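Colleague: Please take a close look at one spot where a charge sits in the protein, and then walk me through the hollows at the surface.

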Amino acid sequence: MTDMTEIKAAARKAAFARREAAHADKTGTGAALLSSVLAGYRGVPTAGYMPIRSEIDPMPAMIEAAAHGPVGVPVIIGAGQPLRFARWEPDMKMISGAFGVQIPEHAEFFEPEIVIAPLVAFDAQGGRLGYGGGFYDRTLEGLRAKRATLAVGFAYAAQISDTLPLESTDQPLDAIVTEQKIYDFRLGTV
């Protein structure tokens, strides 16, 4: 195990504890703030996620976005691979995918221009600490190589960290939405 691996594991452990506490406290969903960010992009292909464990729930914002254009959810193809996004609609038939995450039973893949990303921790500069598989980093790198792709982290405010152990392969977020505020790093406003 490398020093960076150990440092990231410790950061994740502390962040998971903060996220669990925020989730248990029911501090708010943040879905209205997330919807307000997405409102300026009606009809733009968007990817959300099906929340697991104590992740903040983007479903209300995804349902609203799906009324205006395509919305997808991530599908893990394999270790070391970027995510693919399957078109999702409210009340569609879902099955259990990798790590028990719900995915559409019949996947119709597309490439989003907006990606709402779950996370373990974030910093006030747009840094994101994920689960450690690198799926979102590889995915955002590939999407951004093709076209402008807006990456929006969605988290509880308690998930903020003063510093994160980031590496050159970690893709920055353009914005982060919490149940309390919107951080827009494109405008330099926090």
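Modeller: In this predicted model, Glu179 is buried (under 20% relative accessible area, 1.4 Å probe, protein chains only), yet Glu179 has no salt bridge (a Lys or Arg side-chain nitrogen within 4 Å of an Asp or Glu carboxyl oxygen). Arg18 is the nearest side chain of opposite charge, and Arg18 is 11 Å away. What Glu179 does have is a backbone partner: a polar atom of its side chain lies 2.8 Å from the backbone nitrogen of Ala157. Along the chain, Glu179 belongs to the loop that links β11 (175–177) with β12 (182–184).

Now to the pockets (open sets of 1 Å grid points with protein on both sides within 12 Å along at least five of seven lines; lining residues have an atom within 4 Å of a point). The largest pocket has a volume of about 720 Å³ and a lining of 32 residues, with Tyr131, Gly133, Gly134, Phe135 and Tyr136 nearest its centre. Two or more residues each come from α1 (3–25), β2 (71–75), β9 (128–129) and α4 (135–146), and α4 gives the largest share, five residues.

The second largest pocket has a volume of about 150 Å³. Its lining includes Pro82, Phe85, Phe110, Arg138, Leu143 and Lys146. Here β3 (84–88) and α4 each supply two or more residues, and α4 again gives the most, with five.

Residues are numbered from 1 along each chain as its sequence is written. Local features need pLDDT of at least 70, side-chain atom pairs pLDDT 80 or more, while lining totals use all residues, and side-chain values use heavy atoms, without hydrogens or water.

Key: Helix = DSSP H or I, 4+ residues; strand = E, 2+ residues; numbered from the N terminus. Buried < 20%, exposed > 50% of the residue type's maximum accessible area, 1.4 Å probe, protein only. Lys, Arg positive; Asp, Glu negative; His and termini not counted. Polar contact = N/O pair within 3.5 Å; in protein donor to acceptor, adjacent residues only side chain to side chain. 1 Å grid on protein atoms, 1.4 Å probe; cavity = no way out; pocket = protein on both sides within 12 Å on 5 of 7 lines; lining within 4 Å. Points joined across faces, edges and corners; volume = space filled by probe spheres on them.
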